[in-house]
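Notebook open, model loaded. I want to look up the fold, the cores, the ring pairs and a pocket.

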Amino acid sequence: MKLKNILSRKGFVKIKLKKINTNHFEVKARLNGVKGRFILDTGASNSCLDITLADQFKLKVEESETKAAGAGAIGMETKIASSNTIKFKGYKFKKFSLVLLDLTHVNTALTEHNAKAVHGIIGADILERGEAIIDYKNQCVYLKKIIYKF
């Protein structure tokens with residue numbers, strides 16, 4: 001039996017990934033109803049968005065005293081945006097927070113390798129909540145559907 005069939009029976013949704021020139025996986029999603037491109041980063045503790053895109057993605061921005069570090073940058077100023085919704089094909093995650101920071105260093109590295117700039121990063125917060133299973137061979141990620149109780 002194929003992995004897709006096994007995981008589908010267990011409530012997982014298959015989401016296509018695109019391998020870009022930097023060997024990162026890019027995933028398309030709708031954040032608060034707005035289309036975006038994101039890097040899938042298992043090493044990022046939180047999902048984040050470039051701070052300059054807050055209005056475009058309809059974020060309610062709050063101040064934060066937390067400093068961010070990663071991918072060659074440390075001590076970056078951050079802000080936080082709560083109560084967001086992200087949708088991938090067949091998967092929806094509501095009421096989660098995003099870290100907003102300057103992603104210039106990330107996008108500069110991408111464009112220097114002839115890859116397109118991204119809007120943000122999908123991190124371990126979403127991957128863990130969705131019980132992510134990454135299938136590198138078939139370039140996809142499986143996320144378990146979240147059942148929301150109203």
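For contacts I take heavy atoms within 4.5 Å. I keep in mind that this is a predicted model.

**Entry 1: Ile121**

I started with Ile121, which sits in strand E9, residues 120-122. Is Ile121 buried or exposed? Its relative accessibility is 10%, and the cut-off for buried is under 20%, so I log Ile121 as buried. Next I pulled its contacts, skipping neighbours within four places in sequence: Phe38, Ile39, Asp41, Ala44, Ser47, Cys48, Leu103 and Val106. I also checked Ile121 against Asn46: they are 75 residues apart in sequence, yet 8.2 Å apart in space, C-alpha to C-alpha.

**Entry 2: overall fold**

I stepped back to the whole protein and got three helices and 11 strands. Along the sequence the order reads α-β-β-β-β-β-β-β-β-α-β-α-β-β. Of the 150 residues, 42% count as buried. I then took the contacts between residues at least 6 apart in sequence, and 59% of them join residues at least 24 apart. The exposed area is about 9100 Å², with carbon and sulfur atoms supplying 50% of it.

**Entry 3: the cores**

A note to self before the core search: in soluble globular proteins, nonpolar side chains tend to be buried together. The largest nonpolar core here has 29 residues. Ile15, Leu31, Leu49, Leu59, Ile86, Phe88 and Ile122 have the most contacts inside it. Which elements give two or more residues to this core? I find strands E1 (12-16), E3 (25-31), E4 (34-40), E7 (73-88), E8 (91-101) and E11 (140-144), plus helix H3 (124-129). E8 gives the most, with five residues.

I picked Leu31 for a closer look. Leaving out residues up to four places away in sequence, Leu31 touches Phe38, Leu49, Phe57, Leu59, Asn84, Thr85, Ile86, Phe96 and Leu98. There is also a second, separate core of 12 residues, and it includes Ile39, Cys48, Leu103 and Val106. I had already met those four names in the contact list of Ile121.

**Entry 4: ring pairs**

How many aromatic pairs are there? The count comes to four. I wrote up two of them. Phe88 and Tyr91 have ring centres 6.0 Å apart and planes at 40°, so this pair is tilted. Both Phe88 and Tyr91 are buried. Phe93 and Phe96 have ring centres 5.0 Å apart and planes at 10°, so this pair is stacked. On accessibility, Phe93 comes out at 5% and is buried; Phe96, at 4%, is buried too.

**Entry 5: Arg129**

Arg129 is in helix H3. With a relative accessibility of 46%, Arg129 counts as partly exposed. Apart from residues up to four places away in sequence, Arg129 touches Tyr91, Phe93, Ala124 and Ile146. I checked the last of these by C-alpha atoms: Arg129 and Ile146 are 17 residues apart along the chain and separated by 8.3 Å.

**Entry 6: a pocket**

Last lookup: the second largest pocket, with a volume of about 210 Å³. Its lining is Lys14, Ile15, Lys16, Leu17, Lys18, Glu26, Val27, Lys28, Lys87, Phe88 and Lys89. E1, E3 and E7 each supply at least two of the lining residues. Two names here, Ile15 and Phe88, I had already listed among the residues with the most contacts inside the largest core.

How values were computed: Residues are numbered from 1 along each chain as its sequence is written. This is a predicted model: local features need pLDDT of at least 70, side-chain atom pairs count only at pLDDT 80 or more; totals for chains, interfaces and linings use all residues. Side-chain values use heavy atoms; hydrogens and water are left out. A nonpolar core is a set of buried Ala, Val, Leu, Ile, Met, Phe, Trp, Tyr and Cys residues joined through side-chain atoms within 4.5 Å. Buried means under 20% relative accessible area, exposed over 50%, partly exposed in between (1.4 Å probe, protein chains only). Helices (H or I, at least four residues) and strands (E, at least two) are DSSP runs, numbered from the N terminus. Rings of Phe, Tyr and Trp (its six-membered ring) pair if their centres lie within 6.5 Å; planes under 30 degrees apart count as stacked, over 60 as edge-to-face and the rest as tilted. Accessible areas come from the Shrake-Rupley method with a 1.4 Å probe; for residues, only the protein chains shown count as cover. On a 1 Å grid over the protein atoms alone, a cavity is a set of points where a 1.4 Å probe fits but cannot get out, and a pocket is an open set with protein on both sides within 12 Å along at least five of seven lines; lining residues have an atom within 4 Å of a point. Grid points are joined across faces, edges and corners, and a volume is the space filled by probe spheres set on the points.
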